[in-house]
Amino acid sequence: MAEIIIRQYEERDRAALQKCIEDLQDHEAACDPIKLIVNKEGFGTVYIEVLLERMTKEDGMIYVAESDGAVVGIIACVIVHYERREVLGRSSSSPYGYVVDLFVLPEFRGNDLGSKLMASAEEYFRSKGCDFSTVGVLAPNKGSWDFYKKIGYAERYIDFIKKL
């Protein structure tokens, strides 16, 4: 396998980032038990615009994993600051990091690439004064659950949903 480089996103990566996001959306749609998630025409284009705006507004960062000049994985993360009312009920008032999106092409999985992308995000979080890193995962996505547990994440909050 060729050397993998983790680096910051650059505008030249936009098409590859969009492809990863669309593939992630397809994967999540397949895992969604109530079929709320879909990948509609134009989703990727709009999502990337919103994601890049979010990176600016929420002090975020996108890293790409590159192999032989091709993007083979991505991670997008933001810094979350507690609101005043939240600080009063917390043991820490430091900001925390939130992983918005993580995706590795299927043929590159199982080689610690996801762990390397997560490590890059966590280092970014530390540089911004965060004392926690959080990520959400769909309940039926067992592979992601196992991955996050393997790298030290613990279940903390679970949402329930009911189709009406």
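At what angle do helix α1 and helix α2 pack, and how far apart are their axes? In this predicted model, helix α1 (residues 14-31) and helix α2 (residues 43-57) pack at an angle of about 110°, and their axes are 9 Å apart. Angles of 65 to 115 degrees count as roughly perpendicular, and α1 and α2 are therefore roughly perpendicular to each other. Their crossing is right-handed.

**The contact between the helices**

On the side of α1, the contact is made by Arg14, Leu17, Gln18, Ile21, Glu22 and Gln25. These residues meet Phe43, Gly44, Thr45, Tyr47, Ile48, Glu49, Leu51 and Leu52 in α2. Sorted by class, the contact of α1 with α2 comprises seven nonpolar, four polar and three charged residues.

**The sheet**

Five strands form an open sheet in the order β1-β2-β3-β4-β5, and the pairing is mixed. The edges are taken by β1 (4-8) and β5 (133-135), each of which has a single partner strand, so one side of each is left without a neighbour in the sheet. On average, neighbouring strands of this sheet are turned by 25° against each other, direction ignored. Helix α1 also belongs to this part of the picture: α1 lies across β2, β3 and β4 (96-104), and runs at about 90° to β4.

Strands of a sheet pair through backbone hydrogen bonds, in either a parallel or an antiparallel sense. Strand β2 takes part in two such pairings, one with β1 and one with β3. The β1 and β2 pair is antiparallel and has five bridges; within it, Ile4 stands opposite Ser67 in β2. The pair of β2 and strand β3 (residues 70-80) is also antiparallel, over seven bridges. Here Gly73 in β3 is the bridge partner of Ala65.

**Strand β2 and Ser67**

Strand β2 (residues 61-67) is mostly covered, with seven of its seven residues buried. In a regular strand the side chains alternate between the two faces of the sheet. Both faces of β2 are covered: Met61, Tyr63, Ala65 and Ser67 are buried on one side, and Ile62, Val64 and Glu66 are buried on the other.

Is Ser67 buried or exposed? Residues under 20% relative accessible area count as buried, and Ser67, with a relative accessible area of 6%, is therefore buried. Leaving aside its neighbours within four places in sequence, Ser67 is in contact with Ala2, Glu3, Ile4, Val72 and Phe108. Of these contacts, Ile4 is the residue that stands opposite Ser67.

**Two loop residues with positive phi**

Strands β2 and β3 form a hairpin with two residues between them, and Asp68 is in the turn. Asp68 has a positive phi although it is not a glycine. Asp112 likewise has a positive phi in a residue other than glycine. The table sets out the values for these two residues.

| Residue | Loop | Phi | Relative accessibility |
|---|---|---|---|
| Asp68 | between β2 and β3 | about 50° | 70%, exposed |
| Asp112 | between β4 and α4 (113-127) | near 65° | 44%, partly exposed |

Exposed requires over 50% relative accessible area, so Asp68, at 70% relative accessibility, counts as exposed. Asp112, at 44% relative accessibility, counts as partly exposed. In the hairpin, Ser67 of strand β2 is buried, whereas Asp68, in the loop between β2 and β3, is exposed.

Definitions and conventions. Residues are numbered from 1 along each chain as its sequence is written. This is a predicted model: local features need pLDDT of at least 70, side-chain atom pairs count only at pLDDT 80 or more; totals for chains, interfaces and linings use all residues. Side-chain values use heavy atoms; hydrogens and water are left out. Axes are lines fitted to C-alpha atoms, for helices over the stretch in contact, and angles run from 0 to 180 degrees between N-to-C directions. Helices (H or I, at least four residues) and strands (E, at least two) are DSSP runs, numbered from the N terminus. Angles under 35 degrees count as roughly parallel, over 145 as roughly antiparallel, 65 to 115 as roughly perpendicular and the rest as oblique. A crossing is left-handed if the near helix is turned anticlockwise from the far one by less than a right angle, and right-handed if clockwise. Contact means heavy atoms within 4.5 Å. Ala, Val, Leu, Ile, Met, Phe, Trp, Tyr, Cys and Pro count as nonpolar, Asp, Glu, Lys and Arg as charged, and the others, Gly among them, as polar. Buried means under 20% relative accessible area, exposed over 50%, partly exposed in between (1.4 Å probe, protein chains only). Two strands pair if DSSP finds at least two bridges between them.
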